[in-house]
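Please study the sequence and the structure shown below before attempting the exercises. Each task is followed by a worked solution.

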Amino acid sequence: MKINIGILGLQGAIIEHQKMLEKIKDVKVYIVKRKEDLDKIQGLILPGGESTTIGKLIKDFNLKDPLIDKIKNGMIVWGTCAGMILLAKKISNDSKVHLGVMDIIVKRNAYGSQLNSFSTNIVIPEVSNKAIPVVFIRAPYIEKIGKNVEALYKINDKIVAAKQDNMIVTSFHPELTNDISFHKYFVKEIKRKIR
Amino acid sequence: MSTQYELNKNLAQMLKGGVIMDVTNAEQAKIAEEAGAVAVMALERVPADIRKQGGVARMSDPKLIKEIKKAVSIPVMAKCRIGHFVEAQILEALDIDYIDESEVLTPADDQYHIDKKSFKIPFVCGARDLGEALRRINEGASMIRTKGEAGTGDIIQAVRHMRTMTSQIRKLKAMTKEERILFSKELGAPLNLVEQVAELGKLPVVNFAAGGVATPADAALMMQLGSDGVFVGSGIFKSKDPIKRAKAIVKAVTYFNDPKVLAEVSEDLGEAMVGINCDEINISYEKRGW
């Protein structure tokens, strides 16, 4: 069964996700730039980039409501970094809310400036029993989760990966590494949910 | 290759498809962020004013940079002079996100660029061709931009630089191993980086357009020519309606392949920056850098 996965293609590290997904069998990738593109896909990645920029563009190009609608109706979505910020219902250090569909409170640039960006290897049992490399670039983390949200991984007590029904978020960027475990997990989740 | 260098290249990847705007105070920085800039470049005078006023152009006052950093949540970049590694040390101490070792400021060294590998903070550098780009990457630059001709509002040099780079990369891809060795000598660039470009079919770092972008059409032109994103210097805050123009350029970079959107966003923007024809200028910034 072929699965169609979209990557929100407004700004940021889009092609990096595309290259990872194309390594996985039975996946067809669509770059989503307008609302019609949403009708073709069963899963969507909200990539890293600048959340203020992407948040503005989804509003200006009338993608916001269709996105909220699709996600509320069960479309599987994965937000990396800026994508996490877009999905959050609240940002603790910013008054803006973008899609506001996920019951998490997120802190932007939580680790500081670029000099505090870092990478590490972690085992996320939900995703793989092997350690995967993860990269944090001016990353956010989750300060608080609602009761329907499951924390998938914590670093120093801060949640950096979480899941709520059809929504997955990560503070880090698996797409900047050579390890496709997380993308495989995302594809598996889509297959499980649409069956 | 160090982890920090990888992280620095990664930050540039997050800026792709975005617009980085020159700002000279906190208020402008907020306008830029609100308009959808992915980062701001903090400086005391935009290139058009440096050009007009003349004199020595240096790194900005740390106070200004701190104010701008405080005003926005997006990455903050700042410029230091070519070869002025102490200005770079100061900028690193200010904990900004990226340093631009820039030909727009008056060069401090006519032989050496900064040894960027000895810094933790990332650097972006200007280049006119592949050789220059690879020399900068060899010194530790984790992002490249065309030099264009800053402060003119004339796009011709940016176009020339981007076309030169892509055409050199295209030729390189078709070369044999021996030809690559010769080409690396011609370029004045290290062979290992030349080999890497031949394999990747592109630069190993993100490559933005800069220098002369004044309209949404200019920005989209550079994107269609293969830029990963766009720097706009004087083009925004030297125009009649900076907010409207800034927003329009952001949209033009995202929908660079969609003439209908480009037509829409280009409408009624008010006057663009006045602009100077590149053939009529006295000092050509693009010639700075070695």
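The exercises below treat the interface, the salt bridges, the cysteines and some local features.

This is a predicted model, in which local features need pLDDT of at least 70, side-chain atom pairs count only at pLDDT 80 or more, and totals for chains, interfaces and linings use all residues. Residues are numbered from 1 along each chain as its sequence is written, chains are lettered from A and ligands numbered from 1 in the order in which they are written, and side-chain values use heavy atoms, with hydrogens and water left out.

**Exercise 1. Describe the extent of the interface between chain B and chain A.**

Step 1. Begin with the residues in contact (heavy atoms within 4.5 Å). Chain B contributes 35 residues and chain A contributes 36 residues.

Step 2. Turn to the area. The size of an interface is often given as the accessible area lost when the parts come together. Here buried area is the accessible area (1.4 Å probe) that two parts lose on being put together, summed over both. For chain B and chain A the value is about 2700 Å², and carbon and sulfur atoms give 55% of it. On the side of chain B, the residues that lose the most area to chain A are Leu7(B), Met14(B) and Tyr255(B), together 25% of what that side buries.

Step 3. Count the polar contacts, that is, pairs of N or O atoms within 3.5 Å; within protein, one atom must be able to donate a hydrogen and the other to accept it, and residues adjacent in sequence count only if both atoms are side-chain atoms. Between chain B and chain A there are 21 residue pairs in polar contact, both residues being at pLDDT 80 or more.

Step 4. Locate the elements, where helices (H or I, at least four residues) and strands (E, at least two) are DSSP runs numbered from the N terminus. On the side of chain B that touches chain A, two or more residues each come from α1 (3-14), α2 (26-35) and α12 (242-254) of chain B. The largest share, eight residues, belongs to α1(B).

**Exercise 2. Which residues pair in salt bridges across the interface and within chain B?**

Step 1. State the rule. A salt bridge is a side-chain nitrogen of Lys or Arg within 4 Å of a carboxyl oxygen of Asp or Glu. Side chains of opposite charge can pair when their charged atoms come close. The structure holds 32 salt bridges over all chains, and the rule finds four across the interface of chain B and chain A.

Step 2. Examine pairs across the interface. Asp258(B) meets Arg34(A) with an N to O distance of 2.3 Å. Asp258(B) lies in the loop between α12 and α13 (259-266) of chain B and Arg34(A) in the loop between β2 (27-32) and β3 (43-46) of chain A, so this pair joins two chains. In a further salt bridge, the closest N and O atoms of Lys251(B) and Asp60(A) are 3.8 Å apart.

Step 3. Examine pairs within chain B. Lys238(B) and Asp49(B) meet at 3.0 Å, N to O. The pair links distant parts of the chain, 189 residues apart: Lys238(B) is in the loop between α11 (234-237) and α12, and Asp49(B) is in helix α3 (residues 47-53). For accessibility, buried means under 20% relative accessible area, exposed over 50%, and partly exposed in between (1.4 Å probe, protein chains only). Lys238(B) is partly exposed at 36%, whereas Asp49(B) is buried at 14%. Glu132(B) and Arg128(B) also form a salt bridge, with closest N and O atoms 3.2 Å apart; Glu132(B) is buried at 1%.

**Exercise 3. Why does Cys125(B) form no bond with Cys80(B)?**

Step 1. Apply the definition: a disulfide is a pair of cysteine sulfur atoms within 2.5 Å.

Step 2. Compare the distance. The closest cysteine sulfur to that of Cys125(B) is in Cys80(B), 8.1 Å away, which is too far for a bond. Over all chains, the search finds zero disulfides.

Step 3. Note the setting: Cys125(B) is buried, with a relative accessible area of 1%.

**Exercise 4. Where are Asn156(A) and Asp157(A) found, and are they buried or exposed?**

Step 1. Asn156(A) is found in the loop between β10 (150-155) and β11 (158-164) of chain A, and Asp157(A) is also found in the loop between β10 and β11.

Step 2. Asn156(A) is exposed at 70% relative accessibility, and Asp157(A) is exposed at 69%.

Step 3. Most residues other than glycine have a negative phi. Asn156(A), however, has a positive phi of about 50 degrees, and phi of Asp157(A) is positive, near 70 degrees.
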